[in-house]
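The following paragraphs offer a guided reading of one protein model. Please keep the sequence and the coordinates at hand.

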Amino acid sequence: MEPDPRFTLANERTFLTWLSTALALSAGGVAMAAVPSDVFVPWIRTGLAVVLVTLSALAAGMAYPRWRNIQRALREQAPLPPPALAAVFGYGVAAVAVVALVLIILSAQK
């Protein structure tokens with residue numbers, strides 16, 4: 001059965017939002033890697049950049065399978081699959097933000 005077009009289009013917008021999120025995380029990772037070494041401890045800066053780019057790759061890599069699974073559930077009128085990686089992204093971005101905040105505060109006190 002064909003699902004209501006509004007649900008299909010909402011699913012497509014969610015897919016595109018995952019890709020936008022992946023792009024933003026990637027840009028954040030590149031920006032973090034470009035921070036001068038005298039601002040943040042180099043290994044922490046690199047670690048934060050790696051976490052952001054890894055989250056970016058996960059978001060981009062999981063966007064299509066998630067879209068496909070939801071589209072299948074809509075067609076079969078089955079329950080929607082849970083957002084399996086939502087906690088990873090939420091806690092991952094929050095952890096990077098907290099560490100970056102601490103480093104910003106510490107570098108401002110120099």
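Glu 2 has a relative accessibility of 57% and therefore counts as exposed. The model under discussion is a predicted one. In it, the side chain of Glu 2 meets that of Arg 75 in a salt bridge, with an N to O distance of 2.5 Å. Glu 2 belongs to the segment that precedes helix H1 (5-34), whereas Arg 75 belongs to helix H2, so this pair ties together parts that lie 73 residues apart in sequence. Arg 75 has a relative accessibility of 36% and is classed as partly exposed.

The structure holds two salt bridges. Besides the pair just described, Arg 6 forms a salt bridge with Asp 4, and here the closest N and O atoms are 2.5 Å apart. Arg 6 is exposed, its relative accessible area being 60%, while Asp 4, with a value of 24%, is partly exposed.

From these charged pairs the reader may turn to the nonpolar interior. The largest nonpolar core has 14 residues, and those that touch the most other members are Leu 25, Met 32, Leu 48, Leu 52, Phe 89 and Leu 103. Two or more residues of this core come from each of H1, H2 and helix H3 (86-108). H2 supplies the largest share, namely six residues. Leu 52 illustrates the surroundings of one core member: residues up to four places away in sequence aside, Leu 52 touches Leu 25, Gly 28, Gly 29, Met 32 and Val 96.

Which residues does Val 53 contact, once its neighbours within four places in sequence are left aside? They are Leu 25, Ser 26, Gly 29 and Val 30. Val 53 is located in helix H2 and, at 37% relative accessibility, counts as partly exposed. Between Val 53 and Arg 68 there are 24 Å in space, C-alpha to C-alpha, for a separation of 15 residues in sequence.

Ser 56 also has its place in helix H2. Is Ser 56 buried or exposed? Its relative accessibility is 9%, and Ser 56 therefore counts as buried, the limit for that class being under 20%. Its contacts, apart from neighbours within four places in sequence, are Ala 22, Leu 25 and Ser 26. Leu 25 is thus a contact of Ser 56, of Leu 52 and of Val 53.

A further buried residue is found in helix H1, namely Asn 11, whose relative accessible area is 6%. With residues up to four places away in sequence not counted, Asn 11 touches Trp 67, Ile 70 and Gln 71.

The last feature to examine is the largest pocket, which contains about 170 Å³ of space. Its lining consists of Trp 18, Met 62, Pro 65, Arg 66, Asn 69, Pro 81, Pro 82, Pro 83, Ala 84, Leu 85 and Ala 86. Helix H2 (residues 42-76) contributes four residues, the largest share of this lining. By chemical class, the lining residues comprise nine nonpolar, one polar and one charged. H2 thus provides the largest share of the pocket lining and the largest share of the nonpolar core.

Conventions. Residues are numbered from 1 along each chain as its sequence is written. This is a predicted model: local features need pLDDT of at least 70, side-chain atom pairs count only at pLDDT 80 or more; totals for chains, interfaces and linings use all residues. Side-chain values use heavy atoms; hydrogens and water are left out. On a 1 Å grid over the protein atoms alone, a cavity is a set of points where a 1.4 Å probe fits but cannot get out, and a pocket is an open set with protein on both sides within 12 Å along at least five of seven lines; lining residues have an atom within 4 Å of a point. Grid points are joined across faces, edges and corners, and a volume is the space filled by probe spheres set on the points. Ala, Val, Leu, Ile, Met, Phe, Trp, Tyr, Cys and Pro count as nonpolar, Asp, Glu, Lys and Arg as charged, and the others, Gly among them, as polar. A salt bridge is a side-chain nitrogen of Lys or Arg within 4 Å of a carboxyl oxygen of Asp or Glu. Buried means under 20% relative accessible area, exposed over 50%, partly exposed in between (1.4 Å probe, protein chains only). Contact means heavy atoms within 4.5 Å. A nonpolar core is a set of buried Ala, Val, Leu, Ile, Met, Phe, Trp, Tyr and Cys residues joined through side-chain atoms within 4.5 Å.
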